[in-house]
Amino acid sequence: MESDLEHGKIMDQAGKNIDQAYKIVRKTYQEINAMKDDFAEVLREIDPSIEFSEEYSYGPKSLYLKDWHVFLFRRAVGEEEGEKPTEEFLVALIIIFSPWAHIKKISSTNGPEIWICKIETKNIKEKATLWEVSLCLGIDERKNFDKKLEIGGTISNYHWKDDKGEEEWIGQFIGYPLTAIKDKAFIKKEIIDKLLIENYQKK
Amino acid sequence: MFVADLKEKLTLHEDVSEDFLTSSVFSTFDFLPNIWLKKFLQTSINLNNNRLDFPLVENKFLFWKQFSLPSDFGRGVEPDLIIFAGNTAFIIEAKFYSGKSGIGFIEEKVPPDQLKSQLIDQLAREYFLGRYILLDNEICVEEKLFNISNFFLILITKDSSIPTNEIQESIDSIGKIEATGIEMATNKIYWTNWQKIIPVLEEIIEKSSEESFERKISQQLFDFLDKRDLIPFTGFDFLNSCSLELTTTTNEPIFYHTQKRTYWSEELFKEPLHFKDPNIFYMSTIKQYWKDIAKLKCPENSSKIFYQIIGR
């Protein structure tokens, strides 16, 4: 049996580990939320009608690291007149820490990755859900991309139409290692400018 | 001065209190040389995207002072803080989780059976405080006289960008009372956020000696704001370097265990740590587990992580 003194020393080391883990999780979520705010600001500069809509983690922000985390921004066309929207403009940030169900990381590196997408939906019956947007990255959806998804700033085009040829989703996806997202300038230049500036028209 | 807060001795109400946030931040600035307050306030912008600029002078703080307003300008008003500096008054309205108090106007009954429109918009009332009570008046604060010939109203929030709609609503309300006041109000109402204090504090910490008062108090305010997530985005570089060095066989950062999908499960604490009861660090719904965790010599707050994780 170890003495109480030895036990105490071991517990001190355990406490240090816990503290380090705590700080890393907390810092990660602080940065994720702060990054979302910077995205919101850059999007707002382009078109104030693109508004933050929802996020996947509705629980406490600080310490609840899920396998993936999503923020969705939305501009629903027609909604401002009180009508049911038939088309939407969506921007999503999808952060993948580890594989979950059909959503797998694209790269083989250990680190978490972030995918940012712009999607325009047409002839929709219901507003797109955060889940549906996230599942575009699912393995079953890979066939709907024009080329293999690659991490590091390459844009891949996504296209889907329902069986009746009515509802349609047209999107562009761009992905980076999460650690590549360094500041607001990077968000603007390497993500938003690439995804949105070209061919973007305010509705 | 922040120790009770940083050591989790305060209530949840105090944790999210905008009054506590306001007094903590500005009391700190009151102790620091003027240049640092100036640096923070100069991050403010108005709806024309003009940045606030003003000379550096000695100042006095007046917290939560109630003022009556002429009847056309709504009921009284109590700004969170007014900073008097030279000939300028800075009216500070601080927000944390709540929005501004009152929007636009309400209809009030006045005898005999008539309705009168009453301004309730908080920023608009504070603008009129500056315009008609402070401006061109002599104000005495702590036995020091200030001849006010200029004023600014600064809204501080945790928004990432200027809340245009909120400010425009207030300017519109001002315009309904005083059509000529719209341009002046647009030039007088500014906005900044709490997050912009962090770079100022980082500069103080970097430039001050380790044992200096400035550094210590700035570090405490930094921790205070960090605890409330009032920090700007600084990137994820830290994930490249963090590692818990958990076992002799792996040195992977805790998030990145893509194959095992374990963040906080048994892998984290299995080897080489040796506990009397090796099970106490396992994910568990047994109450005793959490009691044992609480006995560990963890730095404060740390055991909270497990309470969150069990919800997965």
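The second largest cavity in this predicted model holds about 70 Å³ of space. It is one of three cavities of 30 Å³ or more in the structure. Who lines it? The residues are Asn34(B), Leu37(B), Lys38(B), Leu41(B), Phe54(B), Pro55(B), Leu56(B), Val57(B), Asn59(B), Ile83(B), Ala85(B) and Phe90(B). If you want to find the spot by its secondary structure, look for α4 (34-41) and β3 (81-85) of chain B, each of which supplies at least two residues of the lining. The largest share, four residues, comes from α4(B).

Now move from that cavity to an open site. The second largest pocket has about 500 Å³ of space. Two elements give two or more residues to its lining, namely α1 (4-46) of chain A and β10 (189-193) of chain B. Of these, α1(A) gives the most to the lining, with six residues. There are 23 lining residues, and those nearest the centre of the pocket are Asp38(A), Glu41(A), Lys184(A), Ser160(B) and Lys196(B).

Glu41(A) is worth following, as it turns up again among the contacts of Ser161(B). That serine sits in the loop between β9 (150-157) and α6 (164-177) of chain B. Once you set aside neighbours within four places in sequence, Ser161(B) is in contact with Glu41(A), Arg44(A) and Trp191(B). Is this loop residue buried or exposed? With a relative accessible area of 11%, Ser161(B) falls under the 20% cut-off, so it counts as buried.

Let's zoom out to chain B as a whole. It has 13 helices and ten strands. Of its 312 residues, 49% are buried. Among contacts in chain B with a separation of 6 or more, 63% are between residues 24 or more positions apart.

Two of those helices make good stops. Start with α3(B), residues 18-31. Its 14 residues should span 20 Å at 1.5 Å a residue, and the end C-alpha atoms are indeed 20 Å apart, so the two values agree. At its N-terminal end, Ser17(B) acts as a cap, with a side-chain oxygen 3.2 Å from the backbone nitrogen of Asp19(B). Along α3(B), the buried residues are Glu18(B), Leu21(B), Thr22(B), Ser24(B), Val25(B), Phe26(B), Thr28(B) and Phe29(B).

The other stop is α9(B), residues 213-227. This helix has 15 residues and reaches 21 Å from its first C-alpha to its last, close to the 21 Å expected at 1.5 Å a residue. Its buried residues include Ile217(B), Leu221(B), Phe222(B), Phe224(B) and Leu225(B), along with Ser218(B) and Lys227(B). Just after α9(B) ends, Asp229(B) takes a positive phi of about 60 degrees.

Last, the cysteines. How many disulfides does the structure hold over all chains? The count is zero. Take Cys136(A): the nearest cysteine sulfur belongs to Cys117(A) and is 6.5 Å away. A disulfide needs the sulfur atoms within 2.5 Å, so this pair does not make one. What about exposure? Cys136(A) has a relative accessibility of 1%, so it counts as buried. Over in chain B, Cys140(B) has a relative accessible area of 51%, which means that it is exposed, the cut-off being over 50%.

Note on methods. Residues are numbered from 1 along each chain as its sequence is written. Chains are lettered from A and ligands numbered from 1 in the order in which they are written. This is a predicted model: local features need pLDDT of at least 70, side-chain atom pairs count only at pLDDT 80 or more; totals for chains, interfaces and linings use all residues. Side-chain values use heavy atoms; hydrogens and water are left out. The expected span of a helix is 1.5 Å times one less than its number of residues. Buried means under 20% relative accessible area, exposed over 50%, partly exposed in between (1.4 Å probe, protein chains only). A polar contact is a pair of N or O atoms within 3.5 Å; within protein, one must be able to donate a hydrogen and the other to accept it, and residues adjacent in sequence count only if both atoms are side-chain atoms. Contact means heavy atoms within 4.5 Å. On a 1 Å grid over the protein atoms alone, a cavity is a set of points where a 1.4 Å probe fits but cannot get out, and a pocket is an open set with protein on both sides within 12 Å along at least five of seven lines; lining residues have an atom within 4 Å of a point. Grid points are joined across faces, edges and corners, and a volume is the space filled by probe spheres set on the points.
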